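Notebook open, model loaded. I want to go through the contacts one interface at a time and jot down what I find.

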Protein chains: 2
Amino acid sequence: MNIKDIAKLANISKSTVSRVINNDPKVHKDTREKILQIIKNESFIPNNIAKSLKTKKTKVIGILVPDIGNPFYYEILRGIESLLDKNNFNMMLCNTEYDSKKELKYISLLMSKKVDGIIIAPSSSISKGVNLLYEKNIPFVVLDIIQDYIKTNCVLVNHFKVSYSATSYLLKNGHKEIFILDAYRENKSLSNFRNGFIEAMKENKILIKDYYLNEASPDIIGGYKTLKKIINSKYNITAIITICDLAAVGVYKAAKELGVTIPDDISVIGNDDIPLARYLNPSLTTTRQPKFKLGYKSAEILLDCIKNENFNKENVKIYELDTKLMIRDSIKRRI
Amino acid sequence: MNIKDIAKLANISKSTVSRVINNDPKVHKDTREKILQIIKNESFIPNNIAKSLKTKKTKVIGILVPDIGNPFYYEILRGIESLLDKNNFNMMLCNTEYDSKKELKYISLLMSKKVDGIIIAPSSSISKGVNLLYEKNIPFVVLDIIQDYIKTNCVLVNHFKVSYSATSYLLKNGHKEIFILDAYRENKSLSNFRNGFIEAMKENKILIKDYYLNEASPDIIGGYKTLKKIINSKYNITAIITICDLAAVGVYKAAKELGVTIPDDISVIGNDDIPLARYLNPSLTTTRQPKFKLGYKSAEILLDCIKNENFNKENVKIYELDTKLMIRDSIKRRI
DNA sequence: ATGAAAGCGCTAACAC
DNA sequence: GTGTTAGCGCTTTCAT
């Protein structure tokens, strides 16, 4: 069943049916009602694939996240969805697993399916996928993981401030031997999360030992392995700052197994404030990121690029959203 | 840029370009290589919208879940995604928020976008959306929430057994005044979760007081409100069984606020075993559902329906996956 | 206010 | 092994 069939049933041309479907005002009231009635009777649903072929718009956007399993992203997804819903867009969700190959594959698929735009939390800070989008002039917004060598619209929090504040807070509480767990980075010197830590330490004239600076996967396993390594190496650490709460959960897990008590033996401070954070034992001190808003804002910018067709590689901006340190029970005062 | 342009560059017809793109063996090796080279040079990505219009296949499936924010669904999503990835399918994710209107709207959108099939965790056990899919002969699989009045492929766990076992376990531990928190249901007598509880109580000759049987939204707020209600009503409850872990988290939250100690004052048993469950304080006793497998299996069945075009409303089955009671620290022995 | 016709970019049947 | 052609179901310009 297609508009031609509907047209036949109504003794009218398919152009007019098309007009009715698209709410073109230039249709006689009676004609409109008749056609609407038939559409309803037949419970006809127009073929938007054909429409898209003609109009070059799909009302679909692609979303790429590195880890569907990280609660950080669900709230973001909810933020995106809430705006897409209002605009009758759909989202194609892709899970890249921090794998640049998979990321690139999905981006190609999305492009072949002619999504109107893409929101991507890249697999790394040098993403080939993002480069492809850039070259092909696809409207896109980068989320959370800023690109090192390319200017794009980007929505995120200030990771420098996040770790600077977290470190300062630990310092204020008498900690000196602080371990930082960053995600893997191609170019370490470009890591704001790392640099905020370094800056805070330097300002307080604390010597940064090599092994303070660490990298792992930003998930439970990453945090788990990291604490095990710390304990095995008998480093004299009193606190650990993690790149995300999920990694902090990994630290908790390892602590339990190793008989290490948080915060008495080691203090932990996370980043992003996943819903679980406040329910952990002890509840996790962490930096709250406005996750819903991160998603909503990204969608807003993207839809704007799409609608106004004003997507311009040069006219691009970094949107920094505010964070807040949530002080809970995972930090011990060492004075 | 389209296949016609590629054809021109190669001095060849677009049919042959199409053949190369679709790996048709009936193309001369040299021709193929030449075309492949041009495609690569131009970094040409074929328009799958046009392809879909012709072939009536999109390689997209729609997923509808009632609450993106419930961790129960992420593992399911991962399961679905892992199979879709292998088959180069994309997924359109829709969040229905237990709202049948929104569900229906999204289903219409998905149908207009000609998804090859749909996996739906319905907003309720009598879903108009599911009925529409049924009537329109769209391949679909129902996840988790079985439909009361319509036969469909359905992947889920045996909720009767889940609550029966949970209740039996509580009974064995000396509990008698047990409260059950079910999700809202149009037809209460059809709730297996409720019925498993009733059956276990009856077998043990425990009188079921009216207020034992309760309904709330299956999320943190639902659990939160429920415990508040119990405490305010001064019911003499020693244990509570929740329809999902997220509701149990709500119970924990209310308990903390009210100064109620788990498990000393009240025991709690969840259902589904979200990642957070074991990290709660006290760690939550709950029934583990094979979430990844639930998703994977659904996708498997759906892709099978799509590929073999053997989707037949009558030839439909319920797939019950195994569960396991995870005994942790949220139950107190009352003997 | 309505209709006729061209065309979006691809596939696939058919011809050679 | 390759080319020609019709057509998938819409939109949209142009005519009336």
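**Entry 1: chain B against chain A**

I started with the area buried between chain B and chain A, which comes to about 4500 Å², with carbon and sulfur atoms giving 59% of it. Note to self: this is a predicted model. I then looked up who takes part, and the contact draws 50 residues from chain B and 49 residues from chain A.

Next I went for the charged pairs. The count between the two chains is six salt bridges. I pulled up one of them, Lys102(B) with Glu81(A), where the closest N and O atoms are 3.0 Å apart. For polar contacts the tally between chain B and chain A is 20 residue pairs, both partners at pLDDT 80 or more.

Which elements of chain B supply at least two residues each to the side that touches chain A? I got H4, helix H5 (72–86), strand E2 (90–95), helix H6 (100–112) and helix H11 (245–258) of chain B. H6(B) gives the largest share of that side, eight residues. By class, the side of chain B that touches chain A splits into 25 nonpolar, twelve polar and 13 charged residues.

**Entry 2: DNA strand D**

On to the DNA. I find 27 residues surrounding DNA strand D, and the closest are Lys14(A), Ser18(A), Ser15(B), Arg19(B) and Thr31(B). So much for the list; what part of the strand do they meet? Of the atoms of DNA strand D within 4 Å of the protein, 59% belong to sugar or phosphate, and the rest belong to bases.

I checked some phosphate contacts one by one. In chain A, a backbone N or O atom of Ile3(A) sits 2.8 Å from a phosphate oxygen of DNA strand D. Asn47(A) also uses its backbone, with a polar atom 3.1 Å from a phosphate oxygen of the strand. From chain B, Thr31(B) puts a polar side-chain atom 2.5 Å from a phosphate oxygen of DNA strand D.

For the elements, I noted that helix H2 (14–21) and helix H4 (48–55) of chain A, along with helix H2 (14–21) and helix H4 (48–55) of chain B, each supply at least two residues of the surface near DNA strand D. H4(A) contributes the largest share of that surface, five residues. Sorted by class, the surface near DNA strand D has eight nonpolar, eleven polar and eight charged residues.

**Entry 3: DNA strand C**

I repeated the lookup for the other strand. There are 26 residues around DNA strand C, and Arg19(A), Thr31(A), Ile3(B), Lys14(B) and Ser18(B) come nearest. Sugar or phosphate accounts for 59% of the atoms of DNA strand C within 4 Å of the protein, and bases for the rest.

On the chain A side, I see a backbone N or O atom of Ser13(A) 2.7 Å from a phosphate oxygen of DNA strand C. Thr31(A) has a polar side-chain atom 2.5 Å from a phosphate oxygen of DNA strand C. I also wanted a base contact, and Lys54(B) has one: a polar side-chain atom lies 3.5 Å from a base oxygen of DNA strand C.

H2 and H4 of chain A and H2 and H4 of chain B each give at least two residues to the surface near DNA strand C. The class split for that surface is seven nonpolar, eleven polar and eight charged.

**Entry 4: domains of chain A**

Last stop, inside one chain. The domain assignment of chain A gives domain 1 (3–46), domain 2 (55–157 + 291–321) and domain 3 (159–288). I took domains 2 and 3 of chain A, whose centres over C-alpha atoms are 28 Å apart. In contact there are 15 residues of domain 2 and 14 residues of domain 3.

The two domains bury about 1200 Å² between them, 53% of it on carbon and sulfur atoms. On the domain 2 side, Pro71(A), Val157(A) and Lys291(A) lose the most area to domain 3, together 31% of what that side buries.

How many salt bridges link domain 2 and domain 3 of chain A? The count is one. I also noted Asp148(A) in a salt bridge with Arg185(A), with the closest N and O atoms 3.8 Å apart. Across this interface I get seven residue pairs in polar contact, both at pLDDT 80 or more. The side of domain 2 that touches domain 3 has seven nonpolar, four polar and four charged residues.

Technical notes: Residues numbered from 1 in each chain as written. Chains lettered and ligands numbered in written order. Predicted model: local features only at pLDDT ≥ 70, side-chain atom pairs only at ≥ 80, totals over all residues. Heavy atoms only, no water. Near = heavy atom within 4 Å. Polar contact = N/O pair within 3.5 Å; in protein donor to acceptor, adjacent residues only side chain to side chain. Helix = DSSP H or I, 4+ residues; strand = E, 2+ residues; numbered from the N terminus. Nonpolar A, V, L, I, M, F, W, Y, C, P; charged D, E, K, R; others polar. Domains from an automatic or database assignment. Contact = heavy atoms within 4.5 Å. Buried area = accessible area lost by both parts, 1.4 Å probe. Salt bridge = Lys/Arg side-chain N within 4 Å of Asp/Glu carboxyl O.
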